[in-house]
Amino acid sequence: MIDITPIANAIIALIAAVISAFVIPYIKSKTDAERLEKINMWVTIAVEAAEQLYTGSGRGAAKKAYVVDFLNSKGYTLDPDSLDKLIEAAVFNLPIYLGEAIEVTTEVTTEE
């Protein structure tokens with residue numbers, strides 16, 4: 001009779017190594033990517049809301065404070081450098097968003 005215990009142990013160790021080396025990092029990267037996507041969505045919403053609430057130039061500090069408070073209320077805390085980059089990206093894309101909103105409003109108005 002052949003003892004297959006060492007072979008079974010080796011196979012189990014190999015499966016555990018593959019899971020540790022590939023599956024867990026893959027799942028973590030997907031989770032981190034989804035979390036970053038959600039944070040980016042909330043930052044964009046907060047920046048758009050801040051632009052509506054605090055119109056005019058020179059109100060950047062109030063707008064940023066609103067965005068930070070909004071994200072904290074959603075349970076997201078980020079390091080200041082990452083948060084600044086996400087806010088700047090959302091502000092950079094704001095004219096695109098506003099341009100699309102103006103086009104949609106114009107199309108709806110002219111169709112009536």
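This note goes through the fold, the largest pocket and the salt bridges of a predicted model.

1. Overall architecture. The chain, which is a predicted model, holds three helices and zero strands, and its elements follow one another along the sequence in the pattern α-α-α. Helix 1 spans 5-53, helix 2 spans 60-73 and helix 3 spans 80-111, and each of these elements gives two or more residues to the lining of the largest pocket.

2. Burial, surface and contacts. Of the 112 residues in the chain, 14% are buried, while the accessible surface comes to about 8,600 Å², with 64% of that area belonging to carbon and sulfur atoms. When contacts between residues at least 6 apart in sequence are considered, 55% of them join residues at least 24 apart.

3. The largest pocket. This pocket has a volume of about 160 Å³, and its lining draws two or more residues from each of helix 1, helix 2 and helix 3. The lining residues are Val 47, Ala 50, Glu 51, Gly 60, Lys 63, Lys 64, Val 67, Asp 84, Ile 87, Glu 88 and Val 91. By character they divide into five nonpolar, one polar and five charged residues.

4. Salt bridges in general. A search of the whole structure finds three salt bridges. Side chains of opposite charge can pair when their charged atoms come close. The points below take the three pairs found by the search in turn.

5. Lys 63 and Glu 51. The side chains of these two residues meet in a salt bridge, with an N to O distance of 3.2 Å. Lys 63 lies in helix 2 and Glu 51 in helix 1, so the pair ties together parts of the chain that are 12 residues apart in sequence. Lys 63 has a relative accessibility of 14% and therefore counts as buried, the cut-off for that class being under 20%. Glu 51, at 27% relative accessibility, counts as partly exposed. Both Lys 63 and Glu 51 also appear in the lining of the largest pocket.

6. Surroundings of Lys 63. Which residues is Lys 63 in contact with, once its neighbours within four places in sequence are left aside? They are Ala 50, Glu 51, Tyr 54 and Gly 56, and of these, Ala 50 and Glu 51 are also named in the pocket lining.

7. Asp 84 and Lys 64. A second salt bridge joins the side chains of Asp 84 and Lys 64, at 2.4 Å from N to O. This pair links distant parts of the chain, since Asp 84 is in helix 3 and Lys 64 in helix 2, 20 residues apart. Asp 84 is partly exposed, with a relative accessible area of 30%, and Lys 64 is likewise partly exposed, with a relative accessible area of 34%. Asp 84 and Lys 64 are both among the residues that line the largest pocket.

8. Asp 81 and Lys 85. The remaining salt bridge is formed by the side chains of Asp 81 and Lys 85, at 3.3 Å from N to O. Both residues lie in helix 3, four residues apart, which is about one turn of the helix. Are they buried or exposed? Asp 81, at 45% relative accessibility, counts as partly exposed, whereas Lys 85, with a relative accessible area of 55%, is exposed; the cut-off for the exposed class is over 50%.

How values were computed: Residues are numbered from 1 along each chain as its sequence is written. This is a predicted model: local features need pLDDT of at least 70, side-chain atom pairs count only at pLDDT 80 or more; totals for chains, interfaces and linings use all residues. Side-chain values use heavy atoms; hydrogens and water are left out. Buried means under 20% relative accessible area, exposed over 50%, partly exposed in between (1.4 Å probe, protein chains only). Contact means heavy atoms within 4.5 Å. Accessible areas come from the Shrake-Rupley method with a 1.4 Å probe; for residues, only the protein chains shown count as cover. On a 1 Å grid over the protein atoms alone, a cavity is a set of points where a 1.4 Å probe fits but cannot get out, and a pocket is an open set with protein on both sides within 12 Å along at least five of seven lines; lining residues have an atom within 4 Å of a point. Grid points are joined across faces, edges and corners, and a volume is the space filled by probe spheres set on the points. Ala, Val, Leu, Ile, Met, Phe, Trp, Tyr, Cys and Pro count as nonpolar, Asp, Glu, Lys and Arg as charged, and the others, Gly among them, as polar. A salt bridge is a side-chain nitrogen of Lys or Arg within 4 Å of a carboxyl oxygen of Asp or Glu.
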